[in-house]
Amino acid sequence: SQDSRTGAPVSLHPQCLDFKPPFKPQEDLQFCAMYRNFGCCDSAKDQELMSKFYKIMDNFDNYGYANCAGYVQDLLCQECSPYAAHLFDAEDPSTPIRTLPGLCPDYCSQFWLKCRSTITLLSDDLQLAQAEPDQVHFCQHLELEDPDYCYPHLLSNEQLTQNLGHVLADPEGCLQLCLEEVANGLRNPLAMVHANDGTHRFFIAEQVGLVWTYLPDRSKLEKPFLNITKAVLTSPWEGDERGFLGLTFHPNYKYNGKLYVYYSVEIGFDERIRVSEFRVSPGDMNEVDHASERIILEVDEPASNHNGGMVMFADDGYLYIFTGDGGMAGDPFGKYGNAQNKSALLGKVLRINVDDNDRGPLYRIPSDNPFVHERGARPEVYAYGVRNMWRCSVDRGDPLTKEGKGRIFCGDVGQNKFEEIDIIEKGRNYGWRAKEGFSCYDKKLCANSSLDDVLPIYAYPHKMGKSVTGGYVYRGCEYPNLNGMYIFGDFMSGRMMNLQENKNTGQWNYHEICMGIGLTCAFPGLINNYYQYIISFAEDEAGELYFMSTGVPSATSPTGVVYKLVDPSRRAPPRQCHYDPLPVRVKSKLIKFRPKESEYQGTAVVTTTLPQTTTKPPRHTRRKNRRKKGKHRSESGLAPAAAPHSGAVRLAGDEQGRDDRGRVEIFVNGEWGTVCDDLWNMKNAAVVCRQLGFRFALKASKHSEFGEGKSLRILLDDVQCEGTEESLLDCQHTDIGIHNCAHYEDAGVICGNSDYVDA
C-alpha cells in the first residue's frame, strides 16, 4: 500500500478526534464493542453513540431497521476507530471535521443504494444533503485524499493493523517516540526535580547556580527559587564539569522545608565539592532562605573534572551522594586509585542520615552501612569502584505489582572505550579502575581475585557515544507501553536508548530510541527533534519522563531545553491520569511558556515532507552525530568519461577563483549537491583535500563561508570521517539527500601543499 500523495509506504499514525493517540478503555464498550481493546472511545462516549443510534433508527420500520442498522452503527462507531482523525479528515486541528467518515467507494455505493435515507439523519452537512441524490457525487464527497485510511478497507490493511497500539520501530529496530517541549532558554539545565508536595511544580537547576520554579501550566516564576551563583565555581568553557551539579528535596519537604544541593566551590587555591542543606523561606514557598545554608559535607577535588554531582533520597529515606573519582585519566591517585580506596570519599556512592539534624551532628551514619566496622574505611561509603556516575534514579516500581521498586540505576561515564549502566547494591564494588564496562582497564588490578566486582547491566562502546547520561525506569501513567523501560542517553552522541529486563533470563535487552518519522509525531504540540547534548533526565511528580539537552555545552549558553517524552502509539484512557495540583501561592511575576520550536521551524529541514525511504529521524539543524550509519562505499571501476564518478568533489564559491578553496560540492547518483554540516571538521576536510590532490587540509570551513549552493540539493549531512577514506561517501553519513540542515550551513575547505594558510 502506498501513500497516494508521496508514493511512500503507508505508515501507522493512529490518532483520535481530540488529536491524541488511542487507548484501551477502562470499561468494556457495549455499542462499539469492536473497539473495546483499542480505540478512541471510553464508556461514556460509547453510551452517547448508542443513544444517537436509537434516535436515528426510531425513524425506520422493521425492514428499514434490518437493512440499515449495521451501516448506521458502522458509521457512528468510526469515531471510536484508532484512526478516527484520518477517517474524519481531522489530522489538522485548523480544518473542520467531517460529519461522516471517509468511505471506500465500493462500500459507499452499497450504503447509498440501501440506506441513503439515513444520510440526513446521520449528518446535518448541507453539502452532503445536496450531494445525496447523486450516488457518484455523494461518494466522491466522502472519498479521502489518502485512500489507505478509507472505511472499511483500513481494517484489512495489514500495514495499518499490524502492531497497532505498540511502540513503532523503524526498519533498524529503533523505537520511535515523540517529544513535547516544556521549557527553554536555560543555561545547561542539569537537574529537574519535584518537591513531592502535591503542587506538581518542577524546579530546574542551571549549572551556574540558579534554580527556577515552574508551575504545572509550565509558566516560570521570574524570581529564582535559589541563587548561589556567587558561590558556585564554574566557567563558560565548553565541557567544564564544575558548577551546580545536583538538587534534591527531603522526603518530608512538605513538613520540614529542607532541600539539598551539590556544587563546586573554590576555597583559597583548593577546589572542592560541597553538599549543603537549605530551607525554604517561611514567607515564600517559591524561594529558598539563602541564609539557611548548612554545609553537610565537603570533599577536596584534586582535578577539575569527574565531580560526580548526584544527590537523591532512596526509598530507605537516606541521602545518597555520588562522587567522581577525582579527575584526570585512569584514577591515578594512590596505589589503586580513589575509587578502590575505601578510606577516600571520591569514586563512591555515599549514604548518610540527615533526619533530625537540627541539634547535634549534621548527619549520622546509618547503622547498616556496609563498612561501618571495617578498619580504615569511611563509614559513609555505601558502594565503591565508581568512576564518575552521571545521573542516577530510583525505580518507583511497577504501578500494579510494585516489582522493581527501590532499585537504584546509574550511568557511569567511561574512560576511553566503554560507557556503562549499573544497578547500585549495598557494599558492592563497581570495578573502576580495574575494569571499564565489561573489559579490563588496569590489567594487574583486574587479575586480582579479591576484586569481586559487580558487572554492569549494560555497556556500550565509544562508537555509540562517549559520555553516558543515566535516566529513569518509566513508571508514569500516560504511556502504558513504556512501563518498565529504562530510558537513558549519551551526552556526546545525542543517542537516546532504552533497556528492558527479560524476567526469565535477567538480561537487559537494548533498543535505540529515535524520533518518529513521517506522520508519527504529527500531533499538535509534538516535535521530533532535539538538541544533541543530553545533560540529564527527570521525572515529574506524576511519574512522567523528561530530559534536558542543549545546543552548546557551556554553562553560560542559553540553549538548554527541557523535553517531555511521548509515546505516539498509545495513551492511558482519558481521566485515568487526572490529578489536582495543590494551589501555589505566587509572589513573583509569572513568565508564560513559549515553545522555542515555533521559532526555529524555519531553519529546521524536517524530513517528514519527503518520501519516507530513510530511517533517519528528523531533527533540529544543530543536532548532529546521533545515528551511526554503516559506511557507504563509493563506486569502483572507471566512470564514463562524460560524467564524474560517484563521490567526486569540486570546490566552488571562492570570489577570486582560487582552486585550493571553496564550498564542497559532491557528485552522487548523477547529480551535484552540497555538504551541509555545522560539525564539519578537519578530518572531513582532509578527505576532500587529498581527493583533490592537495597534501594538507588547512581549514574546515563552516556556515557557508564560500556562499550557499542554493541551486543544488543538499546531498550529505552528519558526515564523520576518520581522515583516511577515499571519499566522503566512505565516511559515516546520513542517507543520500536526507538531511536536517539548510544551505546556510554548507561546508567548505581550504587546502594546501604546505601547512600554512595563504590569506
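**Exercise 1.** State how much space lies in the largest cavity of this predicted model, and work out which residues and elements line that cavity.

*Solution.* The largest cavity holds about 60 Å³ of space, where a cavity is a set of points, on a 1 Å grid over the protein atoms alone, at which a 1.4 Å probe fits but cannot get out, and where a volume is the space filled by probe spheres set on the points, which are joined across faces, edges and corners. Lining residues, which have an atom within 4 Å of a point, include Arg387, Asp412, Phe418, Tyr430, Trp432 and Lys435. Two elements give two or more residues to this lining, β17 (418-424) and β18 (435-436), strands being DSSP runs (E, at least two residues) numbered from the N terminus. The largest share, three residues, comes from β17.

The model is predicted, with pLDDT of at least 70 needed for local features and 80 or more for side-chain atom pairs, while totals for chains, interfaces and linings use all residues. Residues are numbered from 1 along each chain as its sequence is written, and side-chain values use heavy atoms, leaving out hydrogens and water.

**Exercise 2.** Describe the lining of the second largest cavity by class, and then that of the largest cavity.

*Solution.* The second largest cavity, with a volume of about 50 Å³, has residues including Leu12, His13, Asn163, Thr520 and Ser569 in its lining. This lining has four nonpolar, six polar and no charged residues, counting Ala, Val, Leu, Ile, Met, Phe, Trp, Tyr, Cys and Pro as nonpolar, Asp, Glu, Lys and Arg as charged, and the others, Gly among them, as polar. The lining of the largest cavity divides into four nonpolar, two polar and six charged residues.

Technical notes
1 Å grid on protein atoms, 1.4 Å probe; cavity = no way out; pocket = protein on both sides within 12 Å on 5 of 7 lines; lining within 4 Å. Helix = DSSP H or I, 4+ residues; strand = E, 2+ residues; numbered from the N terminus.
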